[in-house]
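Dear colleague,

Please find below the structure that I am handing over to you. My notes on it follow.

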Amino acid sequence: MINPLYTAHQKIVVGDLKAAEAILASVENADPWELASVRGAYRMRRREFAAAAEEFRLATRYRPMDPTGFYNLGMCLFELGQFREAMAAQRVALTIDPQFAKAWLKLAGNHLCLREFPDAMACYERGIHMDPSDGEIRCGLGTLLLAFEENEQAERQYRMAAEGAPGEPRVLTALGFSL
């Protein structure tokens with residue numbers, strides 16, 4: 001039998017929120033961590049970040065050693081403008097899994113919003129160390145370098161981002177601006 005929460009999550013990923021909502025409403029006797037995680041993803045996709053954050057907080061209580069719950073919580077808090085709290089959530093994710101490259105990316109974004117540029121740079125570099133092919137991390141680092149007029153280094157990061165994420169619109173836009 002197919003797990004209905006897996007199906008709901010797949011519907012969320014492709015943007016079929018009505019189908020996901022119907023599945024979530026019909027789920028009974030589900031793993032509470034999985035249910036909170038999928039509800040959080042659903043709320044996040046609907047841009048209901050406060051509700052999503054509560055679901056991810058619940059998920060972290062059920063599985064406190066799963067870094068993805070803290071990562072997702074941090075993303076919601078970032079969207080709510082709660083950068084310090086978002087950073088704390090990303091740091092917990094990184095304490096659990098120091099090689100979680102996307103958490104380094106999100107931690108860098110929080111540092112940027114707080115104008116903590118050296119810390120942002122360090123986070124981007126750590127994320128690249130963890131996943132050298134991640135175009136989004138390289139693009140973020142390139143944007144930071146461009147802001148400090150390190151144009152050649154920024155262009156290098158953008159080009160490497162384009163190689164790691166061919167066709168990614170954000171990377172192509174950044175590459176276009178840097179040339």
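**Contacts and cores**

Beyond its neighbours within four places in sequence, Y124 is in contact (heavy atoms within 4.5 Å) with L105, A108, G109, L112, I137, G140, L141 and L144. A second, separate core of 12 residues includes L5, A8, A20 and I23.

Please note that this is a predicted model, in which local features need pLDDT of at least 70 and side-chain atom pairs count only at pLDDT 80 or more, while totals for chains, interfaces and linings use all residues. Residues are numbered from 1 along each chain as its sequence is written, and side-chain values use heavy atoms, with hydrogens and water left out.

The largest nonpolar core (buried Ala, Val, Leu, Ile, Met, Phe, Trp, Tyr and Cys residues joined through side-chain atoms within 4.5 Å) has 36 residues, of which M44, C76 and Y124 touch the most other members. Two or more residues of this core come from each of helix 4 (49-62), helix 5 (67-79), helix 6 (83-96), helix 7 (101-113), helix 8 (117-130), helix 9 (135-147) and helix 10 (151-164). Helices here are DSSP runs (H or I, at least four residues), numbered from the N terminus.

Two polar residues may also interest you. N110 lies in helix 7 and counts as buried because its relative accessibility is 1%; buried means under 20% relative accessible area (1.4 Å probe, protein chains only). Leaving aside residues within four places in sequence, N110 is in contact with F78, F83, A86, M87 and Q90. S37 belongs to helix 3 (residues 32-45) and, at 16% relative accessibility, is also buried. Not counting residues up to four places away in sequence, S37 touches F56 and A59.

With kind regards

How values were computed:
Buried < 20%, exposed > 50% of the residue type's maximum accessible area, 1.4 Å probe, protein only.
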